[in-house]
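Biologist: Please take a close look at a single part of this protein chain and explain it for a first-year student. Which residues touch the most other members of the largest nonpolar core?

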Amino acid sequence: MKTPFRITGATLDVLEVLLSAEELHGFAVAKAAGKPTGSVYPILLRLEEAGWVESRWETEHPDAGRPRRRFYQLTADGMASARAIIKERRGPTPATRRTGLGPALGFVRRLGGAW
């Protein structure tokens with residue numbers, strides 16, 4: 001599959017996390033992917049520039065001392081492309097195999113709407 005950017009292992013990890021949740025803020029993506037934020041935010045930017053991801057700023061007022069968060073989710077094209085590239089590079093989609101991200105994703109899921 002031809003992509004408009006280089007697909008690294010870290011990019012695949014981020015795509016798997018985004019496939020597993022409806023919408024996550026950047027730090028939650030980094031934590032679930034097990035990657036540093038300095039690697040994840042540039043990946044999210046490239047995915048957004050390619051039209052695979054869309055983002056929005058938190059509209060609610062954050063808690064005192066915490067900056068607003070930016071939330072990310074796959075677009076319809078991004079979801080189809082992510083599934084195809086992950087299947088090509090790693091085999092079955094995350095829904096049909098264990099990703100190794102279970103504990104981190106469990107943490108994100110437990111946070112529910114609080115993240």
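Modeller: Accessible areas are calculated by the Shrake-Rupley method with a 1.4 Å probe, and for residues only the protein chains shown count as cover. On that basis the protein chain has an accessible surface of about 6,600 Å², and carbon and sulfur atoms account for 53% of this area. The model is predicted, so local features need pLDDT of at least 70 and side-chain atom pairs pLDDT of 80 or more, while totals for chains, interfaces and linings use all residues. Residues are numbered from 1 along each chain as its sequence is written, and side-chain values use heavy atoms, without hydrogens and water.

The chain contains five helices and three strands (DSSP runs of H or I, at least four residues, and of E, at least two, numbered from the N terminus). Their order from the N terminus is α-β-α-α-β-β-α-α. Of its 115 residues, 40% are buried (under 20% relative accessible area).

The largest nonpolar core (buried Ala, Val, Leu, Ile, Met, Phe, Trp, Tyr and Cys joined through side-chain atoms within 4.5 Å) has 26 residues, and V14, L15, L18, V29, L47 and L74 touch the most other members. Two or more residues each come from α1 (9-20), α2 (26-33), α3 (37-49), β3 (70-74) and α4 (76-90). Helix α1 gives the largest share, seven residues.

Beyond its neighbours within four places in sequence, L74 is in contact (heavy atoms within 4.5 Å) with L15, L18, L19, W52, V53, M79 and A82. Across the chain, 63% of contacts between residues at least 6 apart in sequence join residues at least 24 apart.

Notes:
Buried < 20%, exposed > 50% of the residue type's maximum accessible area, 1.4 Å probe, protein only.
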